Amino acid sequence: MTATARTAGSQDLSRRQFIVTALTATGGFALGIAGVPGLGQAATLDVRPWGDEAAHSGEINAWIVIEPDDTIIIRYSRAEMGQGSFTALPMIVTEELECDWAKVKAEYASANRNFREHKVYGNLGTGGSRAVRENRVMLQQAGASARERLIAAAARRWGVAPGECSAAMSKVTHDASGRTLRYGELATEAAQVKLDKEPDIKTPDQYKLMGKSMARLDIPLKINGTAIYGIDIEVPDMVHAAIMASPVFGGRLESVDESAIAGRRGVIQVVKLPDAVAVIADRYWRAKGALEALAIAWDAGAAATADSTQFRKTYLDALGKRGAVARHDGDVDAAMPAAAKVFEAVYEAPIIAHATMEPLNCTAQVRDGRVDVWVGTQNADVALQFAAQAAGVKPENVYIHNTFSGGGFGRRLRPDEVAQAVAISKAIGKPVKLVWSREEDMRHGRYRTQAAIRFRAGFAADGAPLAFDCRTSAGSANPAAVKNGLEPQTIQGLATTSYNFPNLRVESVLTNTSVPLGPWRAPGHCQNAFFMESFIDELAHETGQDPYEFRRGLLAHRADFLHVLDTLAEKGDWGKPMPAGKGRGLAIHECYDSIVGMIAEISINARGDLKVDRVVIAADCGHTVNPRTVEMQLEGGMIYGLSAVLFGEITVKNGSVEQGNFDTYPVVRLKDAPKTEVHLALTGGTKWGGIGEPGAAIIPAAVTNAIFAATGKRIRGLPIKNQNLSGAA
Amino acid sequence: MITITVNGTSHQLEVESETPLLWVLREEIGLTGTKFGCGIAACGACTVHVNGTPIRSCSVPVGSVDGAQVTTIEGLSPDSKHPVQQAWLAEQVPQCGYCQSGQIMAVAAYLKENPNPTDADIDANLTNICRCGTYERLRRAVHRAAASMKI
């Protein structure tokens with residue numbers, strides 16, 4: 001299989017163009033399209049069906065293709081949005097396959113094939129910190145199975161027993177005679193081998209590659225402009241679209257006066273969707289300018305007067321209702337009155353947006369009953385369904401060409417842009433690239449829910465913890481998941497708490513407004529860890545205990561928690577004195593099967609300016625595939641959560657989002673970014689925790705607890721920018 | 001007719017003079033390494049050099065740079081061997097990578113102005129946004145690039 005053309009967008013390009021090549025043995029980087037080394041393009045650009053390639057004679061299984069020249073193509077079923085699993089998952093296959101990492105090329109798996117072949121790649125959705133957790137066993141098995149079939153094929157050629165042969169570095173060796181055969185020579189025969197039984201997979205003590213820090217395969221493409229994102233796609237005859245949806249959530253398009261753009265250069269037509277207007281032009285800039293010049297009338301609908309003041313009241317009022325009980329240990333109602341001391345607090349968290357660096361965009365072509373979609377999506381399975389529905393074709397006739405994503409963080413799990421682009425392409429009969437402006441992206445998110453929570457905790461006269469009670473009021477991003485009044489995400493990190501109170505209750509009141517919701521990095525956990533870890537900190541101070549020791553006491557039954565806590569305290573200088581105006585705060589939380597703790601050091605000057613100076617992170621995800629990407633995800637997750645805790649707030653007025661761009665929705669820049677250290681405190685065993693999300697969940701309380709340590713001021717509502725800290729230190 | 005030289009190649013453009021340089025680079029010239037992030041010069045994803053000075057191309061009308069020399073990420077080096085690119089590889093800076101063309105261009109220009117920056121200099125002068133939060137590695141990479149440029 002060789003690439004035959006070199007222009008991005010050429011219909012002749014192989015889908016194998018989206019290939020990143022492993023680190024070469026010499027330590028340099030080789031980039032390449034198969035057969036065209038150095039070109040370094042990266043995009044799934046092919047309008048031919050996957051079926052053309054499924055017949056490859058060297059395809060050992062859906063995950064692994066071995067070319068005659070020993071190139072190993074490993075298919076990657078998740079989305080690469082910066083988290084590094086495009087490197088980690090192929091490492092898992094390589095570990096078992098015993099192939100030469102330098103000859104590995106990773107490529108996106110086909111969503112179309114996944115549909116046609118009944119989820120041969122499993123779930124393509126990339127969220128929930130699950131790429132490694134959910135794929136590891138499957139990929140180890142795929143690699144091990146392929147290795148054994150290569151060995152069997154070699155043994156058959158030599159007329160020896162497979163048990164006399166071994167595999168390493170893409171070769172099978174007959175141990176007694178020293179004869180060898182390359183994988184590339186065996187692939188076609190190995191593809192025909194049927195094993196009597198599947199081999200056992202390696203245990204962590206047998207890993208050679210997994211657990212080693214490896215250079216990420218995508219990084220060489222991301223330092224010179226060659227990485228192709230959805231927004232960079234160009235297909236022949238393509239036109240450009242700019243779009244505006246009803247500023248009020250749930251509103252409909254009433255009418256458009258096109259007279260203002262009549263005769264404008266490059267403008268092709270206006271497309272009306274039920275809730276949006278798109279302008280089609282020969283260039284994006286012309287489409288965007290024309291869209292801004294249009295006079296558009298909207299039917300704002302039921303949410304026309306919704307605003308943040310009402311929302312806040314709604315969420316707080318809900319705390320006065322009985323909620324569905326998510327967990328109840330012991331009997332809180334009996335225990336609480338017996339407490340010598342009861343502490344109570346209400347916390348709130350605002351709506352926030354994802355603000356991915358790359359605004360949403362999608363290129364679609366609807367032609368002859370077939371749909372091609374080029375998009376950086378976190379969920380190619382759902383994108384395929386959205387596209388099929390928007391075009392009115394069968395899902396098996398939809399081809400999703402996934403690209404790198406300029407950030408996802410949960411926003412790209414709900415591909416609204418795919419449905420729009422497909423509808424527009426269908427309406428105009430041409431391939432179209434739709435790009436959302438930053439303002440459109442900010443104002444039509446799938447936001448993190450607003451939330452409020454009331455805590456009560458009771459202690460005996462001797463300080464022993466007796467009862468813990470909380471009721472949360474938050475919106476459901478996934479009403480289909482609601483059972484018995486409970487939605488898993490809104491109670492994450494509360495119902496699953498490991499803090500040991502003999503009587504403990506978690507209640508949830510689901511509270512939705514007109515604001516569309518979606519998963520935001522560590523959904524549920526990202527508010528609930530802030531709430532829980534702040535209140536636990538309050539309880540420590542109220543009962544006169546050190547926050548670290550207090551947590552140790554409540555978590556004494558969990559050796560893994562204690563290991564992370566102790567590592568954190570040691571590395572983070574817990575207990576060392578700090579000068580006036582500075583403070584240190586600690587938070588720890590378990591999510592996605594990982595335990596992550598952070599200590600934040602902050603300083604506040606007389607004007608009340610807050611600076612997070614240093615963050616120390618300790619984490620137990622059990623094992624790692626690529627420790628470097630684990631560290632990068634913890635660092636980056638922490639910064640993402642830091643933006644939220646310092647600045648993140650979407651407000652609504654007259655039914656519409658008030659923020660539009662980074663001037664009104666500030667995020668962390670270098671000047672706000674603390675010195676950061678990551679310490680892995682791995683406990684091994686059967687634990688395989690996810691790591692993409694926890695960092696975002698844990699930093700908020702570490703910072704606000706540090707503010708308390710420095711100033712005595714307890715932050716119970718976010719973001720911190722709304723708090724006056726002047727004179728607090 | 002507007003003429004600009006991009007990465008050493010001269011381009012004659014028949015576009016509206018108010019078209020932002022960003023969209024000229026991406027859609028007229030086909031250089032997509034320079035990214036659209038905000039459109040208001042707030043994020044820096046579109047940073048390129050105009051006559052050696054870093055600018056946010058989303059907010060620069062192409063008519064205002066008629067005759068200028070423009071360098072984009074694609075033209076920073078022919079082989080990814082610019083010290084900043086090499087430092088980026090060594091420190092494994094990018095995650096999603098979308099902002100990194102702009103980051104690298106901003107840093108390459110800044111190091112000419114201040115070849116020996118402190119952390120405080122870096123924090124005060126490099127203002128591009130990275131949503132993945134690569135700042136810790138980015139800072140390290142700036143120091144690494146600065147050191148390698150002195151040799």
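Into which domains is chain A divided? In this predicted model, local features require pLDDT of at least 70 and side-chain atom pairs count only at pLDDT 80 or more, whereas totals for chains, interfaces and linings use all residues. Residues are numbered from 1 along each chain as its sequence is written, and chains are lettered from A and ligands numbered from 1 in the order in which they are written.

Chain A comprises domain 1 (15-222), domain 2 (230-301 + 367-435) and domain 3 (309-351 + 447-722), with bounds taken from an automatic or database domain assignment. The C-alpha centres of domains 1 and 3 of chain A are 39 Å apart. Their contact (C-beta atoms, placed from the backbone, within 7 Å) draws 19 residues from domain 1 and 18 residues from domain 3. On the domain 1 side, α2 (85-97) and α4 (131-158) of chain A each give two or more residues; helices here are DSSP runs of H or I of at least four residues, and strands are E runs of at least two, numbered from the N terminus. The largest share of that side, 4 residues, comes from α2(A).

Helix α14 of chain A (residues 559-571) has 13 residues, and its end C-alpha atoms are 18 Å apart, in agreement with the 18 Å expected at 1.5 Å a residue, taken as 1.5 Å times one less than the number of residues. Its buried residues (20 or more other C-beta atoms within 10 Å of their own) are Asp560(A), Phe561(A), Val564(A), Leu565(A), Leu568(A) and Ala569(A). Viewed down the axis of α14(A), these residues fall within an arc of 165°, so they line one face of the helix; the arc is that of the directions from the helix axis to the C-beta atoms. They pack against α13 (547-554), β25 (582-591), β26 (594-604) and β27 (610-620) of chain A. Just after α14(A), Asp573(A) adopts a positive phi of about 60°.

How values were computed:
Buried ≥ 20, exposed ≤ 12 C-beta atoms within 10 Å, placed from the backbone. Contact = placed C-beta atoms within 7 Å.
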